[in-house]
Amino acid sequence: QVQLVESGGGLVQAGGSLRLSCPASGSIFRIDAMGWYRQAPGKQREWVASITRGGSTNYADSVKGRFTISRDNAKNTVYLQMNSLKPEDTAVYYCNARVLHNGGTYRDYWGQGTQVTVSS
């Protein structure tokens, strides 16, 4: 019913930058909060950043000052600008959206992930 597709991942050298995008499509009445998570091999998925519909942002301490989350409500898209990348940022990055459907029900949706690899 709702699909999220991440793009923009790739291989970059330490200190470089990448910009991730994640548009949502399908049966959507309204998207509330959106966010980014990441998962490295052998580790649990961790929260990276989130943004409310009104634009308030929060970041994990590990990325604060380096990453910027933003959104375009008209395009149903969330972005993650990643600067000053470090090898420890290497992970599969997933986007998330909390969607309000007709009927007043909420449901969280996830993309399938995009690989980010940072070489030292």
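1. The predicted model holds 1 disulfide. The bond joins Cys22 to Cys95, with an S to S distance of 1.8 Å. These cysteines come from distant parts of the chain, 73 residues apart: Cys22 sits in strand β3, and Cys95 in strand β9, which spans residues 91-100. Both Cys22 and Cys95 are buried.

2. Strand β3, which carries Cys22, covers residues 18-26 and is joined to β8 by 6 bridges. The two strands run antiparallel. For anyone checking the register, Arg19 stands opposite Gln81 in β8.

3. Strand β8 also pairs with β7 (residues 67-72), again antiparallel and through 6 bridges. Here the register can be read from Arg71, whose bridge partner in β8 is Val78. The two strands form a hairpin with 4 residues between them. Within that turn, Asn76 has a positive phi of about 50 degrees.

4. How much of strand β8 is buried? Of its 6 residues (77-82), 5 are buried, so the strand is largely enclosed by the rest of the structure. Its partners include β3 and β7, as set out above. As a general point, side chains in a regular strand alternate between the two faces of the sheet.

5. The structure holds 6 salt bridges. One of them pairs Asp89 with Arg66, the closest N and O atoms being 2.8 Å apart. This pair also links distant parts of the chain: Asp89 lies in the loop between β8 and β9, while Arg66 lies in the loop between β6 (57-59) and β7, 23 residues apart. Asp89 has a relative accessibility of 1%, so it counts as buried. Arg66 has a relative accessible area of 10% and is therefore buried too, the cut-off being under 20%.

6. Another salt bridge runs between Asp108 and Arg98, with the closest N and O atoms 2.9 Å apart. Asp108 belongs to strand β10 (residues 106-110) and Arg98 to strand β9, 10 residues apart. Asp108 is partly exposed, because its relative accessible area is 33%. Arg98, at 41% relative accessibility, counts as partly exposed as well. Elsewhere, salt bridges that share partners join Arg38, Glu46, Arg66 and Asp89 into one network.

7. Lys64 and Asp61 form a further salt bridge, in which the closest N and O atoms are 3.3 Å apart. Are these two residues buried or exposed? Both Lys64 and Asp61 are exposed.

8. Asp32 deserves a separate entry. This residue lies in strand β4, residues 30-39. With 16% relative accessibility, Asp32 counts as buried. Its side chain makes a polar contact of 2.9 Å with the side chain of Arg30.

9. Which residues does Asp32 touch, leaving out those up to four places away in sequence? They are Ile51, Thr52, Arg53, Arg71, Arg98 and Tyr106. Two of these names appear in earlier points: Arg71 is the bridge partner of Val78, and Arg98 forms the salt bridge with Asp108.

How values were computed: Residues are numbered from 1 along each chain as its sequence is written. This is a predicted model: local features need pLDDT of at least 70, side-chain atom pairs count only at pLDDT 80 or more; totals for chains, interfaces and linings use all residues. Side-chain values use heavy atoms; hydrogens and water are left out. Buried means under 20% relative accessible area, exposed over 50%, partly exposed in between (1.4 Å probe, protein chains only). Two strands pair if DSSP finds at least two bridges between them. A disulfide is a pair of cysteine sulfur atoms within 2.5 Å. A salt bridge is a side-chain nitrogen of Lys or Arg within 4 Å of a carboxyl oxygen of Asp or Glu. A polar contact is a pair of N or O atoms within 3.5 Å; within protein, one must be able to donate a hydrogen and the other to accept it, and residues adjacent in sequence count only if both atoms are side-chain atoms. Contact means heavy atoms within 4.5 Å.
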